[in-house]
Amino acid sequence: LPADAVTPPPDYVIGPDDVIGVVVWREQDLSADVKVRPDGKVSLPLLNDLQASGLTPEEFRKVVTEAAAKFVADPAVTIIVKQINSRMVFVMGE
């Protein structure tokens with residue numbers, strides 16, 4: 001696990017404002033750290049806008065793999081959760 005990665009909880013789904021690292025092995029042009037927009041999508045080089053919000057990291061990995069397959073034969077994609085900003089907890093009281 002990279003130093004700047006966080007371990008997401010087992011029930012984690014990607015949400016707006018989360019920061020996700022997308023790594024396509026040996027394809028630096030397709031790899032990037034991206035912030036999930038309010039509309040739930042991320043913009044990746046060459047792959048354009050992909051829906052991330054509401055998916056688990058594994059489901060999003062499949063989406064990116066499918067999109068990258070148009071440019072790379074048999075892409076190896078890794079999704080790294082870097083920041084979970086979509087889960088907010090409010091504590092009220094004294």
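Here is a conversation about a predicted model and the terms used to describe it.

Reader: What makes a residue or atom pair count in this predicted model?

Author: Local features need pLDDT of at least 70 and side-chain atom pairs pLDDT 80 or more, while totals for chains, interfaces and linings use all residues. Residues are numbered from 1 along each chain as its sequence is written, and side-chain values use heavy atoms, leaving out hydrogens and water.

Reader: Good to know. What does the secondary structure of the chain come to?

Author: The chain has 1 helix and 5 strands, in the order β-β-β-β-α-β from the N terminus. Both kinds of element are DSSP runs, numbered from the N terminus: helices are H or I with at least four residues, and strands are E with at least two. The C-alpha trace spans about 60 × 30 × 20 Å along its principal axes.

Reader: Why is Asp18 called buried or exposed?

Author: Buried means under 20% relative accessible area, exposed means over 50%, and partly exposed is in between, with a 1.4 Å probe and protein chains only. Asp18 has 0% relative accessibility, so Asp18 counts as buried. Asp18 sits in the segment before β1 (19-24). Across the chain, buried residues make up 36% of the 94 residues.

Reader: What joins the side chains of Asp18 and Tyr12?

Author: A polar contact of 2.6 Å. The term asks for a pair of N or O atoms within 3.5 Å; within protein, one must be able to donate a hydrogen and the other to accept it, and residues adjacent in sequence count only if both atoms are side-chain atoms.

Reader: And which residues is Asp18 in contact with, leaving aside its neighbours within four places in sequence?

Author: Contact means heavy atoms within 4.5 Å. With those neighbours left aside, Asp18 is in contact with Tyr12, Val13, Val34, Lys35, Val36, Gln83, Ile84, Asn85 and Ser86. For the chain, 46% of the contacts with a separation of 6 or more are between residues 24 or more positions apart.

Reader: Why does Lys82 count as buried or exposed?

Author: The relative accessibility of Lys82 is 15%, so Lys82 counts as buried. Lys82 is in strand β5, and a polar contact of 3.0 Å joins the side chains of Lys82 and Asp33. Beyond four places in sequence, the residues in contact with Lys82 are Asp4, Ala5, Val6, Val19, Gly21 and Asp33.

Reader: Gly21 is in that list. Why is Gly21 buried or exposed?

Author: Gly21 counts as buried because its relative accessibility is 0%. Gly21 belongs to strand β1, and its contacts beyond four places in sequence include Ala32, Asp33 and Ile79. From Gly21 to Ser31 the C-alpha to C-alpha distance is 7.7 Å, with their positions 10 residues apart in sequence.

Reader: What about Val6: why is that residue buried, exposed or partly exposed?

Author: Val6 has a relative accessible area of 29%, so Val6 is partly exposed. Val6 is in the segment before β1 and touches Val81, Lys82, Gln83 and Ile84, not counting residues up to four places away in sequence. Val6 and Val72 are 66 residues apart in sequence and 28 Å apart in space, C-alpha to C-alpha.

Reader: What makes a set of residues a nonpolar core?

Author: The members are buried Ala, Val, Leu, Ile, Met, Phe, Trp, Tyr and Cys residues joined through side-chain atoms within 4.5 Å. The largest such core has 22 residues, of which Ile20, Val22, Phe60 and Val64 touch the most other members. At least two residues of this core come from each of β1, β3, α1 and β5, and α1 gives the largest share, 4 residues. Leaving aside neighbours within four places in sequence, Phe60 is in contact with residues including Ile14, Ile20, Val22 and Ile79.

Reader: Finally, what is the phi of Asp74, and is Asp74 buried or exposed?

Author: Phi of Asp74 is near 50°, a positive value in a residue other than glycine. Most residues other than glycine have a negative phi. Asp74 is in the loop between α1 (57-68) and β5 (77-83), and at 76% relative accessibility Asp74 counts as exposed. Leu46 also has a positive phi, about 70°, although it is not a glycine; its place is the loop between β3 (41-44) and β4 (48-51).
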